[in-house]
Amino acid sequence: MKGIKCGGVLSAPSGSFSSPNFPGLYPYETECTWLIVVAEGSSVLLSFSHFELEYHTTCAYDYLQVYNGAARDRGNLLGTFCGHSPPPPFSSAWHVMAVVFRSDRHVAKRGFSAAYRKDACGGQLTGLSGEITSPRYPESYPNDAECRWSIGAPDGGAPLTLVFVDFQVEGGQGCGFDYVAVFDGPTASAPRLGRYCGSARPPRTVSSTPHLLILFKSDYNIGGRGFKAHFYSGECQEVFTAIKGNFSSPRYPNFYPNNLKCQWSIQLPPGYRVRIFFLDMDLEGRSSLTGGCDYDHVAAFDGGAENGSLLGQWCGQESPAPVTSPSNRVLLVLHTDRNTARRGFSITYVGVVPMNVSCTRTDFHIQIPVQFLAQLERNRIYLGTPSCAAQVVGRNFKIHTRFDTCGAESQKRNNTSVIISTLYIDFSAGDQEDIHQYEVQCEPKRKEASVTLITGSDPSRLSQAENLLDAQQREEEAMDIREVKSQDTSDIVFISICILAGLLMVIAVVGLVLL
């Protein structure tokens, strides 16, 4: 509405703001944006003392939105509110917070009144993941400090994991001087999970509720570097030990939140390898300056830790090829920055069963240690058809079969003749079918064998494609032969015509002489 001035930049350490005309009725068709900016390294604490907007089940008419950073970025949206229930207190993940108020052309109410303040220590953290540090970290923390971080969304959620990556607090018997205490709930009356001091990093802590309270206290002398810790909700950090599984970015296929660091750890039995398939990916794109994944990205590390070998890093709308780890452990990490959220990703993985495959000019030899498939009967492991099931020989499942049995077929790949068959390992349980397929290949001339995990593809279609290619090649060769034959016939006709023309010329010359 013209003439209504509202919104603006609020940069004082503390302050208050309200809807236009408060406590009177707010005007129709109004949109206001307040950008709260405090000192870098601090967070913003926001609370509401009065709240009364037009109600709608999805807040489609009049509404107030709170953003963890710059406004209008869906990944930063902390919530949309209307009606008479005030929003909960909010603490930003960094030094910027935005509040947007909008009214339509019908039904006005009294609006809202809000207050904010800079908080360099503690706060209410509601994100799926985040980071907390002691005041002034990594510089020495101040004396006589008391900070409380209450972690957890107001509407509940999954259990939380807390990981300390750095820790140096004044030590002492019983941690009676400076200390960090962790409670399994939103207040200090909840069960205490631990009290820590000194220079030893506290253990990884997992709550039994969707809330954690971290309390830091320092006394009047002797400080330290302090601490740095990450927290994750169950949606943002998971450990998988099953042979097969899948997972996706938080809120997929809706937009993921900003300011995330999520971790998924795949830990399979020794001897296995992990094969990862990307079903869908839509992240913030590459940097136009560097061409790299400098913003939102997902990365895979071998060995289960970020200091392991980097298997790949992806962003944008890429379609990565399947990735196979050298070891039995893989860590996938999703980083998102402060703006530009997208749909995210969906991933499935399969454990690659350790096996030894070899061949001669006439036979396949397959050997799998029983310890890796101890839960399976031998008839659950077969080559080509169930009649070619494995035998148990000592501590191994073994399959020894000729090429002319068990569904093997000859194909031509890269102009080389190979023998192809499919190894089936049936993990099905009850009504849940779960059959893993491996393509087994042999090059008889060299007696070289290989095995490849097949997921989401039909080997018969692959064979049909190869056969179709061979048929096309044969047809092209036949066409070349027909062209050569046609060319040969044309040459013969041309020569015959030339001879006939020569004879006619000779006859004509003789006739002229006789005349």
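1. A quick convention before the details: two residues are in contact when they have heavy atoms within 4.5 Å of each other. Keep in mind as well that this is a predicted model. With that settled, take Ser-428. Leaving aside neighbours within four places in sequence, its contacts are Arg-380, Glu-433, Asp-434 and Ile-435.

2. Where does Ser-428 sit? You'll find Ser-428 in the loop between strand S34 (416-426) and strand S35 (435-443). Its relative accessible area is 17%, and buried means under 20%, so Ser-428 counts as buried. There is a polar partner too: a polar atom of the Ser-428 side chain lies 2.8 Å from the backbone nitrogen of Asp-434.

3. Next, the packing. The largest nonpolar core has 57 residues, and those touching the most other members are Ile-368, Leu-373, Ile-381, Leu-423 and Ile-425. Apart from that core lies another, of 30 residues, with Ile-151, Phe-164, Cys-197 and Phe-231 among them.

4. Ile-381 is worth clicking on. Not counting residues up to four places away in sequence, Ile-381 touches Ile-368, Leu-373, Leu-376, Cys-388, Ala-389, Ala-390, Phe-397, Ile-399, Leu-423, Tyr-424 and Ile-425.

5. On to strand S14, residues 179-183. Is S14 mostly covered or mostly open? Mostly covered: five of its five residues are buried. In a regular strand, side chains alternate between the two faces of the sheet. Here Tyr-179, Ala-181 and Phe-183 point one way from S14, while Val-180 and Val-182 point the other way, and all are buried.

6. What does S14 pair with? One partner is strand S17 (residues 212-217), antiparallel to S14 and joined to it by five bridges. Within that pairing, Tyr-179 has Lys-217 of S17 as its bridge partner. S14 also runs antiparallel to strand S15 (residues 192-196), with four bridges between them. There, Gly-194 in S15 stands opposite Val-182.

7. Elsewhere, an open sheet is built from four strands in the order S2-S9-S4-S7, with antiparallel pairing. Strand S2 (14-18) and strand S7 (90-91) are its edges, each pairing on one side only. As for S4 (residues 43-52) and S9 (residues 111-119), nine bridges join these antiparallel strands. If you want a register check, Val-44 has Lys-118 in S9 as its bridge partner.

8. Now the second largest pocket, whose volume is about 350 Å³. It is lined by 18 residues, and the closest to its centre are Arg-204, Gln-263, Gly-304, Ala-305 and Leu-331. Which strands each supply at least two lining residues? They are strand S13 (160-168), strand S18 (226-233), strand S19 (237-240), strand S21 (261-267) and S26. S21 gives the most, with four residues.

9. Last stop, His-335, which lies in strand S26 (residues 329-335), one of the strands that help line the second largest pocket. Why does His-335 count as partly exposed? Its relative accessibility is 25%, and partly exposed covers what falls between the 20% limit for buried and the 50% limit for exposed, so His-335 belongs in that class. Leaving out residues up to four places away in sequence, His-335 touches Leu-260, Lys-261, Tyr-295, Asp-296, His-297 and Glu-306. Gln-263 is 72 residues from His-335 along the chain, yet their C-alpha atoms are separated by 9.1 Å. Gln-263 has come up already, as one of the residues closest to the centre of the second largest pocket.

Technical notes. Residues numbered from 1 in each chain as written. Predicted model: local features only at pLDDT ≥ 70, side-chain atom pairs only at ≥ 80, totals over all residues. Heavy atoms only, no water. Buried < 20%, exposed > 50% of the residue type's maximum accessible area, 1.4 Å probe, protein only. Polar contact = N/O pair within 3.5 Å; in protein donor to acceptor, adjacent residues only side chain to side chain. Pairing = 2+ DSSP bridges. Core = buried A, V, L, I, M, F, W, Y, C linked by side-chain atoms within 4.5 Å. 1 Å grid on protein atoms, 1.4 Å probe; cavity = no way out; pocket = protein on both sides within 12 Å on 5 of 7 lines; lining within 4 Å. Points joined across faces, edges and corners; volume = space filled by probe spheres on them.
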